[in-house]
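The following exercises are to be worked with the sequence and the structure at hand. Each task is followed by a solution in steps.

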Amino acid sequence: MKRRNAIKNVGFLTGGIFLLPYACDSTPKIVYSNLPTIKTREQVLIGQICNVILAEDPINFSTPEKREFFVLTMINDCGSSREITILSEGLKSLKTYLTKEQKIDFRDLKSEQTIKFIKKEFESKTKISEFLNLLKKYSMLHFETSENYLTRYLNYEFMPGRYYGKVRRTTT
């Protein structure tokens, strides 16, 4: 009996050691059902582009999720089939444009160069400009749904109709 328990415990220990590296991965790998071609690297690229279009301010306008996750989730869950094709084709054409024609990587550009590049692409009427307009639309939505923007600038109340409790009535 003790031998069986020992072999069973060794099996559990070995299985745990093999599964440990997969369980301890701190970065979440998010897979979108309608966007199967978008991997982690593309998610990072979309996040960088979104932050160039509209910079994040996590101190004043904090949100529960990062902007690229919000944008991709909204396009995946709520976007039309046209928006999904704009995202996938625009990302593909942006990557080919950067690697073949410009021979650069987006991460290698300095901040001034990225602003110039995105401004130039916004003005052109290509698949890349449609892609950037889509990212701009959802980046603005992400900003406009932050709690501080809603409460400070729009005077939005999360619970409509305040309850004042016992308030002295004034007779007129």
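**Exercise 1. A loop residue and its partners**

Apart from neighbours within four places in sequence, N60 makes contact with N148 and R152. The model is a predicted one. Determine where N60 is found and how it counts by relative accessibility.

Solution.
- Step 1. Locate the residue: N60 lies in the loop between α2 and α3.
- Step 2. Classify its accessibility. The partly exposed class lies between 20% and 50%. The relative accessibility of N60 is 36%, so N60 counts as partly exposed.
- Step 3. Compare sequence and space: N60 and Y149 are separated by 89 residues in sequence, and their C-alpha atoms are 8.8 Å apart.

**Exercise 2. The chain as a whole**

State how many helices and strands the chain has, and what share of its residues is buried.

Solution.
- Step 1. Count the elements: the chain has seven helices and zero strands. Their order from the N terminus is α-α-α-α-α-α-α.
- Step 2. Consider burial: of the 172 residues in the chain, 28% are buried.
- Step 3. Consider the contacts with a separation of 6 or more: 72% of them are between residues 24 or more positions apart.

**Exercise 3. Helices α2 and α3**

Compare the span of α2 with the expected value, do likewise for α3, and describe how the two helices pack.

Solution.
- Step 1. Take α2, with 14 residues: at 1.5 Å a residue it should span 20 Å, and its end C-alpha atoms are 20 Å apart, so the values agree. Its buried residues are E42, Q43, L45, I46, G47, I49 and C50.
- Step 2. Take α3, with twelve residues: from first to last C-alpha it reaches 16 Å, close to the 16 Å expected at 1.5 Å a residue. Buried in α3 are R67, E68, F70, V71, L72, I75 and N76.
- Step 3. Examine the packing: α2 (residues 40-53) and α3 (residues 67-78) meet at an angle of about 105°, and their axes are 8 Å apart. Angles of 65 to 115 degrees count as roughly perpendicular, and α2 and α3 are therefore roughly perpendicular to each other.
- Step 4. Name the contact residues: α2 contributes Q43, I46, G47, C50 and N51, while α3 contributes R67, E68, F69, V71 and L72. By class, the contact has five nonpolar, three polar and two charged residues.

**Exercise 4. Helices α2 and α5**

Describe how α2 and α5 pack, and sort the residues of their contact by class.

Solution.
- Step 1. Give the geometry: the angle is about 85°, with the axes 10 Å apart. α2 is therefore roughly perpendicular to α5.
- Step 2. Name the residues: I49, V52 and I53 of α2 meet T114, I115, I118 and F122 of α5.
- Step 3. Sort them: six are nonpolar, one is polar and none is charged.

**Exercise 5. The largest nonpolar core**

Which residues have the most contacts inside the largest nonpolar core, and which element gives the largest share of this core?

Solution.
- Step 1. Identify the residues: the core has 25 residues, and I46, I49, L87, L94, F131 and L135 have the most contacts inside it.
- Step 2. List the elements that give two or more residues to this core: α2, α3, α4 (81-102), α5 (111-123) and α6 (127-144). The largest share, seven residues, comes from α4.
- Step 3. Follow one residue: beyond four places in sequence, L94 touches L45, I49, F117, I128 and F131.
- Step 4. Recall the general tendency: nonpolar side chains tend to be buried together in soluble globular proteins.

Conventions. Residues are numbered from 1 along each chain as its sequence is written. This is a predicted model: local features need pLDDT of at least 70, side-chain atom pairs count only at pLDDT 80 or more; totals for chains, interfaces and linings use all residues. Side-chain values use heavy atoms; hydrogens and water are left out. Axes are lines fitted to C-alpha atoms, for helices over the stretch in contact, and angles run from 0 to 180 degrees between N-to-C directions. Helices (H or I, at least four residues) and strands (E, at least two) are DSSP runs, numbered from the N terminus. Angles under 35 degrees count as roughly parallel, over 145 as roughly antiparallel, 65 to 115 as roughly perpendicular and the rest as oblique. Contact means heavy atoms within 4.5 Å. Ala, Val, Leu, Ile, Met, Phe, Trp, Tyr, Cys and Pro count as nonpolar, Asp, Glu, Lys and Arg as charged, and the others, Gly among them, as polar. A nonpolar core is a set of buried Ala, Val, Leu, Ile, Met, Phe, Trp, Tyr and Cys residues joined through side-chain atoms within 4.5 Å. Buried means under 20% relative accessible area, exposed over 50%, partly exposed in between (1.4 Å probe, protein chains only). The expected span of a helix is 1.5 Å times one less than its number of residues.
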